[in-house]
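Reader: I would like a close look at the pockets of this protein and at the surroundings of its ligand. Please describe the part in detail and define the terms as you use them.

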Amino acid sequence: MSWKIPLFKTYWDETDIESVTNVIKSGSYWATGPEIKEFEEKIAEYVGTKYAVTFNSGTSALHALLLAYDLKQGDEVIVPSFTFITTANAPLFVGAKPVFAEIEDRTYGLDPEDVKKRITPKTKAIIPIHYGGCPCLIRELKEIAEDHNLLLIEDAAESLGTKINDNKVGTFGDSAMFSFCQNKVISTGEGGAITTDSKEIYEKLKLIRSHGRLETQDYFSSTEYMDYVTLGYNFRMPTMNAALGLSQLKKIDKVIKMRRDKAEYMTKKLSRIKEITLPTAPPDYFHVYQMYTIRIDGTRQIRDRLIQYLGDKGISTKVYFEPVHLSYFYKNKFGFKGGDLPVTERIADQVLTFHTHPLLKNEEIDYISEEIDKFFSEAI
Ligand SMILES: Cc1ncc(COP(=O)(O)O)c(C=O)c1O
């Protein structure tokens with residue numbers, strides 16, 4: 001279907017093309033070029049950590065990170081169910097068990113009080129997400145992690161540039177993961193990164209990402225044998241993506257401003273509609289609006305009818321997220337039946353997401369708000 005208003009568009013300009021073209025035209029180092037290290041240094045500098053390591057997706061980044069922390073069978077990891085499935089799958093990748101905790105209804109991140117209740121002697125880590133560009137209650141979660149001697153790993157896939165006061169997400173936990181998939185704050189098509197202050201984790205991640213190989217020089221251009229010292233994968237980000245990441249990162253302040261301007265306009269237009277709850281963030285929170293998620297007060301049926309109604313008008317919307325614990329795989333594996341996480345399930349029944357991406361036009365926002373208004377005044 002061709003939408004009048006698609007879910008999102010990826011922002012790019014001529015410098016992105018130039019950046020990627022330069023790598024292609026070099027005719028070498030497409031896999032392990034210098035742009036990768038340069039991109040890593042720039043990410044670390046931007047986020048405010050000592051180190052960053054790139055990966056070919058946020059998912060492989062989180063997988064590698066849990067291996068680097070040696071999480072394994074018998075360990076429990078507290079995660080939200082209101083997230084993209086990777087957050088819960090990552091513990092399973094390494095044989096550990098994801099334990100779901102509830103979210104709170106302001107930032108849609110993990111509810112610290114509920115997290116406390118889920119801690120057992122087997123708990124090793126907490127992986128909160130910063131939902132859609134809004135920091136979660138990460139300071140409170142950090143306190144809990146410290147009190148219980150747990151790892152705090154931020155799933156910041158959706159939230160590069162998000163901050164509380166001057167502290168960017170990615171600097172609160174022991175390590176953090178970012179995604180550069182096509183609908184994220186900035187994009188390399190596919191891609192991800194881990195940021196951390198730990199040299200030990202940084203070194204381990206580099207090994208895990210590239211076959212466990214001790215790379216003293218560039219593997220492809222060197223004739224030397226390099227030893228394989230641990231089990232590893234090929235989770236590397238290609239050089240073209242890193243080059244794209246470098247040119248995208250140069251624009252991040254502009255892109256975030258555009259996203260915030262769109263969100264502000266959206267809020268202005270939608271605030272008159274009393275049947276919906278708009279996104280808000282605590283006053284010292286800087287929301288970058290990777291997503292603009294509203295809540296329809298009432299039942300799932302009304303929300304679903306609104307999706308259908310807007311769809312008929314050419315406006316694409318999506319539910320971010322249906323709870324992970326109610327996916328076929330998790331129901332089947334863990335026996336969830338519904339009713340297991342009432343707060344999460346209630347919120348997931350009510351949410352509806354638009355992407356306030358930089359290319360969204362004010363006229364399009366006008367059209368969206370008019371149609372939502374019509375739905376509530378005429379269609380139901
Ligand atoms: C919260 C969250 N975690 C993890 C991921 C996985 O990132 P990727 O798609 O780069 O593997 C995503 C991206 O969709 C996400 O939104």
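Author: The lining of the largest pocket comprises 8 nonpolar, 6 polar and 9 charged residues. In this classification, Ala, Val, Leu, Ile, Met, Phe, Trp, Tyr, Cys and Pro are nonpolar, Asp, Glu, Lys and Arg are charged, and the others, Gly among them, are polar. The model is predicted, so that local features need pLDDT of at least 70 and side-chain atom pairs count only at pLDDT 80 or more, while totals for chains, interfaces and linings use all residues. Residues are numbered from 1 along each chain as its sequence is written, and side-chain values use heavy atoms, with hydrogens and water left out.

A pocket is an open set of points on a 1 Å grid over the protein atoms alone, where a 1.4 Å probe fits and protein lies on both sides within 12 Å along at least five of seven lines; its lining residues have an atom within 4 Å of a point. The largest pocket holds about 560 Å³ of space, a volume being the space filled by probe spheres set on points joined across faces, edges and corners. Of the 23 residues that line the largest pocket, Lys37, Lys206, Arg209, Glu215 and Gln217 lie nearest its centre. Two or more lining residues come from each of helix 2 (34–47) and helix 7 (199–209), and helix 7 gives the most, with 5 residues. Helices (H or I, at least four residues) and strands (E, at least two) are DSSP runs numbered from the N terminus.

The second largest pocket contains about 410 Å³ of space. Its lining of 24 residues has Phe84, Ser179, Cys181, Asn183 and Lys184 nearest the centre, and by class it divides into 8 nonpolar, 12 polar and 4 charged. Helix 3 (58–68), helix 4 (86–93) and strand 8 (175–179) each supply at least two of these lining residues.

Ser179 also appears in the description of the ligand, since it is named among the closest of the 15 surrounding residues, together with Gly58, Thr59, Asp155 and Glu158; a residue counts as near when one of its heavy atoms lies within 4 Å. Three oxygen contacts give more detail. A backbone N or O atom of Gly58 is 2.8 Å from an oxygen atom of the ligand, a polar side-chain atom of Thr59 is 2.5 Å from an oxygen atom of the ligand, and an N or O atom in the side chain of Glu158 is likewise 2.5 Å from a ligand oxygen atom.

Strand 8 itself is covered on both faces: Ser175, Met177 and Ser179 on one side, and Ala176 and Phe178 on the other, are all buried, that is, under 20% relative accessible area with a 1.4 Å probe and protein chains only, where exposed is over 50% and partly exposed in between. Two strands pair if DSSP finds at least two bridges between them. Strand 5 (residues 151–155) runs parallel to strand 8 and is joined to it by 3 bridges; here Asp155, listed among the residues closest to the ligand, has Met177 as its bridge partner. Strand 9 (residues 192–196) pairs with strand 8 in the antiparallel sense over 5 bridges, and in strand 9 the bridge partner of Ser179 is Gly192.

Terms used:
Polar contact = N/O pair within 3.5 Å; in protein donor to acceptor, adjacent residues only side chain to side chain.
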